[in-house]
Amino acid sequence: MDQFSDIRPYLDHEIRPVLDGLIENSEFIDSIARFNYPRLTRMFPPLIHALAKKRLVAQLKNVNSVATMQDIIAVYMDKMIHKTTTQLTQSGIENLRPERNYLFISNHRDIAMDPAFINYMLYHNGFETLQIAIGDNLLKKPFVTDLMRLNKSFIVRRSLKGRELLKALDHLSRYIHFCIENDQNVWIAQREGRAKNGVDRTDPALIKMLARGKKDILLGDSIASLHIVPVAISYEYDACDGLKAEELFQVATTGNFVKTDASDIQSIVTGITGFKGHVHIAFGTEFNAPLSDDPDVIAKLIDQQIARLYQLQDNSYLALQMLRDQKLEEIPELDREAWNHSISASSRETFQNHITKIDQRLHKQLLAMYANPVITRYRLD
């Protein structure tokens with residue numbers, strides 16, 4: 001593992017020293033205090049700082065390995081699920097083989113929660129938890145990098161250019177192959193950046209990167225050796241839907257959206273704490289070898305599984321109807337089944353109450369975000 005020490009997660013012997021360093025990091029403790037006690041932190045900063053540190057020390061006192069760190073994270077996940085979801089369900093996990101390790105490639109809707117929910121399902125079904133790919137664009141502060149690497153995250157270096165970027169992609173691909181060959185499951189999103197408009201498409205560049213770890217064999221064989229399983233994550237309510245709609249609106253009206261460090265932090269926090277309703281994780285099936293050597297063909301295979309597995313819910317169908325009825329966007333020709341879904345009165349009321357809280361100017365982007373998975377499933381052209 002030493003050859004990957006610059007990007008890999010922390011190992012057992014590194015966990016306790018990193019935690020001890022975080023506990024002494026004033027900026028990190030201040031962040032914890034503001035997150036847990038925003039009002040009190042403004043009123044009594046030194047006191048709440050001390051309280052947050054004392055509480056953290058107590059919570060982490062017995063954490064000294066990757067496994068015990070995962071146990072702590074599972075407790076926080078249980079609390080988050082209880083507070084922010086109405087249901088958390090899964091399908092397809094019975095098709096996974098316990099003796100095999102997989103590269104899970106999923107659609108990407110939420111920065112933190114996409115891999116967290118997949119991890120949660122694996123953890124509670126007795127599978128090895130994930131090594132999680134995270135872009136260095138999200139790691140603006142050293143303590144954030146430490147937190148991610150404590151949670152089995154490895155770094156994708158997106159900020160490099162030219163020859164340095166190609167070297168980093170080779171290094172990253174070798175690491176992913178190394179994980180699969182050494183009893184680790186891996187998660188990576190199907191594209192860089194979230195699908196803010198609800199259109200899930202795998203970037204063929206991802207397939208090319210994944211194949212670079214074994215350049216001495218054909219691309220299809222390199223990809224097959226990773227045991228790829230597509231995963232479809234569907235949120236009844238996207239906790240960041242208003243933020244995404246605002247970004248899409250700004251791009252549509254001004255041609256630009258200026259992202260800041262605060263934007264990413266706000267999206268992460270909102271994604272964790274915001275209401276999600278029914279969340280469903282659908283595990284697909286591993287591709288049978290031989291695979292095509294064309295990355296576009298493999299990307300389409302992933303897209304087909306995700307589109308088929310994605311759990312369409314009432315608000316997706318309702319959003320499609322509202323787009324049509326309000327003439328906000330031209331709808332492509334769809335199979336009639338897209339229009340025949342029966343929407344419950346409670347779902348209709350809840351969704352309409354939800355969108356009334358969001359600026360009217362953003363409704364076109366918001367409704368399209370929810371409707372696009374239905375359009376992907378049923379479009380005829």
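Here is an informal walk through the sheet, the helices lying on it, the salt bridges and one surface patch of this predicted model.

**The sheet and its helices**

Let's start with the strands. Seven of them make up an open sheet with mixed pairing, and the order runs β1-β7-β6-β2-β5-β3-β4. The edge positions go to β1 (85–91) and β4 (153–156); each has a single partner strand, so one side of each has no neighbour in the sheet. From one strand to the next, the twist averages 25 degrees.

For a look at one pairing, take β2 (residues 103–106) and β6 (residues 228–235), which run parallel and are joined over four bridges. Ser106 is a handy place to find this pairing on screen, with Val231 in β6 as its bridge partner.

Two helices are worth picking out against the sheet. Helix α5 (residues 66–84) lies across β1 and β7 (277–283), and its direction makes an angle of about 115 degrees with β1. Helix α6 (residues 113–124) lies across β1, β2, β3, β5, β6 and β7, running at about 70 degrees to β7.

**Salt bridges**

The whole structure holds 17 salt bridges. Three of them are listed here, with their N to O distances.

| Lysine | Acidic partner | Distance, N to O |
|---|---|---|
| Lys141 | Glu27 | 2.9 Å |
| Lys167 | Glu164 | 3.9 Å |
| Lys244 | Asp238 | 2.6 Å |

Which parts of the chain does the Lys141 and Glu27 pair link? Lys141 sits in the loop between β3 (130–135) and α7 (142–150), while Glu27 belongs to helix α2 (residues 26–36), so this salt bridge links distant parts of the chain, 114 residues apart. Both ends are partly exposed: the relative accessible area is 35% for Lys141 and 39% for Glu27.

The Lys167 and Glu164 pair is a local affair. The two residues are three apart in helix α8 (residues 162–181), which means that about one helical turn separates them. Glu164 is partly exposed, at 43% relative accessibility.

Are the partners Lys244 and Asp238 buried or exposed? Lys244 has 1% relative accessibility and counts as buried, and Asp238, at 8%, is buried as well. Their side chains meet at 2.6 Å, N to O.

There is also a salt-bridge network to look for, made up of Asp170, Arg212 and Lys215.

**Around Lys196**

Lys244 turns up again in the surroundings of another lysine, Lys196. Lys196 is placed in the loop between β5 (185–189) and α9 (204–211). Although it is in a loop, Lys196 is buried, with a relative accessibility of 13%. What does Lys196 touch beyond its neighbours within four places in sequence? Its contacts there are Lys244, Glu247, Leu248 and Met369.

**A nonpolar patch on the surface**

Finally, turn to the surface. Leu40, Met43, Phe44 and Leu47 form a nonpolar patch there, and together they have about 380 Å² of accessible area. Phe44 is a good residue to centre the view on: it lies in the loop between α3 (38–43) and α4 (45–60). At 40% relative accessibility, Phe44 is partly exposed.

Note on methods. Residues numbered from 1 in each chain as written. Predicted model: local features only at pLDDT ≥ 70, side-chain atom pairs only at ≥ 80, totals over all residues. Heavy atoms only, no water. Salt bridge = Lys/Arg side-chain N within 4 Å of Asp/Glu carboxyl O. Buried < 20%, exposed > 50% of the residue type's maximum accessible area, 1.4 Å probe, protein only. Contact = heavy atoms within 4.5 Å. Pairing = 2+ DSSP bridges. Axes fitted to C-alpha atoms, helices over the stretch in contact; angles between N-to-C directions. Patch = residues over 30% accessible without salt bridge, like charges linked within 9 Å, V, L, I, M, F, W, Y side chains within 5 Å. Areas by Shrake-Rupley, 256 points an atom, 1.4 Å probe, with all protein chains shown as cover.
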